[in-house]
2 protein chains.
Amino acid sequence: MNRLMKPGARERETLLSSGLLAALGVESVAAMMEIAVIGSLPARQILFREGEPADLLHCVLSGYIRVYKLDPDGREADVELYGPGDLIGASVVLDGGRYAATAQAAEPALIARFDLKRVRDIANRRPDLAVALANALSAQLAKAFASLSNDRLHTAPQRVARYLLAHCSVEGKATSFRLPYQKSLLAGKLGLAPEALSRAFSMLRSYGVNVRGRLVHIGDPEALRRL
Amino acid sequence: MNRLMKPGARERETLLSSGLLAALGVESVAAMMEIAVIGSLPARQILFREGEPADLLHCVLSGYIRVYKLDPDGREADVELYGPGDLIGASVVLDGGRYAATAQAAEPALIARFDLKRVRDIANRRPDLAVALANALSAQLAKAFASLSNDRLHTAPQRVARYLLAHCSVEGKATSFRLPYQKSLLAGKLGLAPEALSRAFSMLRSYGVNVRGRLVHIGDPEALRRL
DNA sequence: TTCGTTGATTGATCGAAATCAAGTAACGAT
DNA sequence: ATCGTTACTTGATTTCGATCAATCAACGAA
């Protein structure tokens with residue numbers, strides 16, 4: 001299973017630089033640190049399941065957490081992928097509702113958990129926490145909208161190209177960068193079957209993209225931007 | 001263009017029962033009412049565009065607002081549709097960022113606008129507002145996740161069937177209900193071309209669904225649930 | 001090293017929905 | 001009513017990606 005513990009020095013530091021805590025005043029940070037519980041998860045461990053009463057807020061310290069929904073006959077659709085520093089959006093349920101999706105460790109991961117009742121108590125006393133949560137959710141809603149429109153407007157190679165451009169963070173010049181996770185995870189995030197991602201990569205070779213393992217070399221970012 | 005005015009009795013009442021204000025304490029309600037500006041919009045009027053600096057929060061009083069994203073060559077993908085009482089999620093940007101999508105009146109509509117700077121000021125003093133915003137966003141994120149997984153897991157007739165079941169709110173027995181908006185809007189919301197929606201409806205005839213205009217009769221909800 | 005597992009690629013086929021193209025129905029204005 | 005616009009439907013075609021199936025590569029354990 002997974003070990004539960006109070007945050008140590010390393011975890012405190014990671015938490016402090018996370019999206020949620022970074023925006024808070026010192027007192028709110030202290031209050032949140034007080035209730036934080038660190039857990040270490042093996043790959044494939046489930047954090048919570050869709051439909052369960054939501055009682056914990058989750059924040060990723062290391063590794064990646066895959067959030068997905070199931071259909072009646074067991075097929076899965078990834079809706080978001082969270083990495084170090086990310087607040088897991090599907091676990092922000094202040095009104096006593098239920099998780100909207102299932103969260104699973106895609107690889108061995110370290111996470112911070114916060115009791116939602118207590119988070120709500122703090123948020124009711126300290127507006128900076130509530131505002132920070134609203135901001136985080138607003139950003140995640142924007143990402144979800146982007147995924148939706150991406151799915152509906154772009155083909156597989158286009159989605160991959162956009163992903164690469166968004167993540168290599170370089171304009172004009174050729175670059176290399178390393179995929180932060182397995183290709184099958186990336187495929188899920190982009191709403192593709194692994195085979196489709198593979199084909200997209202090989203089609204992008206003619207646009208200057210070369211892949212070996214997790215290493216991606218982008219020869220001509222401009223060409224990618226144009227298709 | 002659109003007329004701006006202070007909320008009258010009717011508008012105040014609608015606002016009070018809206019998702020956002022309903023959860024607030026009396027003082028926060030008063031503070032929000034204070035800064036509310038009512039606008040009446042003709043069909044097709046744009047409320048805000050993707051990428052513009054976000055300066056207003058929007059809440060629908062009547063009519064429907066379509067929120068969509070554009071791709072480089074002008075095609076549109078609907079990401080959400082908001083009706084009476086809904087807070088427009090893409091306009092909740094407390095951190096001074098930009099709108100993540102474009103909002104357009106799908107039909108003549110009445111909306112309430114709130115200056116975001118002032119909303120932020122209130123939220124920083126009154127946690128109930130910030131918490132209410134977080135709750136609203138969390139619910140919208142859940143809806144966005146549902147749309148994403150729906151797109152990825154279900155065919156057009158399945159999506160339509162699920163929409164009908166979710167909106168007729170009846171278990172077991174046959175029912176009729178009226179679509180709240182045009183079929184082309186529904187098609188957009190479901191991520192379909194209008195033609196595909198039309199075909200889905202005609203395929204669902206063999207499952208007991210009959211459509212005339214906006215009136216939908218569902219003969220056998222159980223049959224729909226099974227596919 | 002060799003084996004066994006897991007992840008990635010490639011090929012062939014199939015199906016779902018977008019797109020293109022007419023044609024029909026509904027409705028408002030005159 | 002008649003016109004004209006807009007919404008919807010139906011048909012034919014095509015494209016994209018899922019799926020099925022078979023290799024192939026990478027890596028860890030023995």
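**Domains of chain A and the surface near DNA strand D**

Let me begin with the layout of chain A, for which the domain assignment gives two parts, domain 1 covering residues 3-148 and domain 2 covering residues 154-226. Please keep in mind throughout that what we have on the screen is a predicted model.

Taken over C-alpha atoms, the centres of domain 1 and domain 2 of chain A are separated by 28 Å, and where these domains touch, six residues of domain 1 of chain A are in contact with five residues of domain 2 of chain A. On the domain 1 side of that contact in chain A, the residues divide into three nonpolar, one polar and two charged.

Turning to the annotation, UniProt, in an unreviewed entry, places the feature "domain: HTH crp-type" at residues 154-222 of chain A. Over residues 154-222, chain A is 48% helix and 17% strand, and the C-alpha atoms at the two ends are 17 Å apart.

Now to the DNA. Which residues are the closest to DNA strand D? Of the 17 residues that surround this strand, the closest are A:T155 and A:A196 from chain A, together with B:K183, B:S184 and B:S198 from chain B. As for the helices, at least two residues of the surface near DNA strand D are supplied by each of α8 (194-204) of chain A, α7 (183-189) of chain B and α8 (194-204) of chain B, and it is α8(B) that gives the most, with six residues. Sorted by class, the surface near DNA strand D comprises seven nonpolar, six polar and four charged residues.

Definitions and conventions. Residues are numbered from 1 along each chain as its sequence is written. Chains are lettered from A and ligands numbered from 1 in the order in which they are written. This is a predicted model: local features need pLDDT of at least 70, side-chain atom pairs count only at pLDDT 80 or more; totals for chains, interfaces and linings use all residues. UniProt positions are given in the numbering used here, feature names are shortened, and annotations may be inferred rather than shown by experiment. Helices (H or I, at least four residues) and strands (E, at least two) are DSSP runs, numbered from the N terminus. A residue is near a molecule or strand if its C-beta atom, placed from the backbone, lies within 6 Å of it. Ala, Val, Leu, Ile, Met, Phe, Trp, Tyr, Cys and Pro count as nonpolar, Asp, Glu, Lys and Arg as charged, and the others, Gly among them, as polar. Domain bounds come from an automatic or database domain assignment. Two residues are in contact if their C-beta atoms, placed from the backbone, lie within 7 Å.
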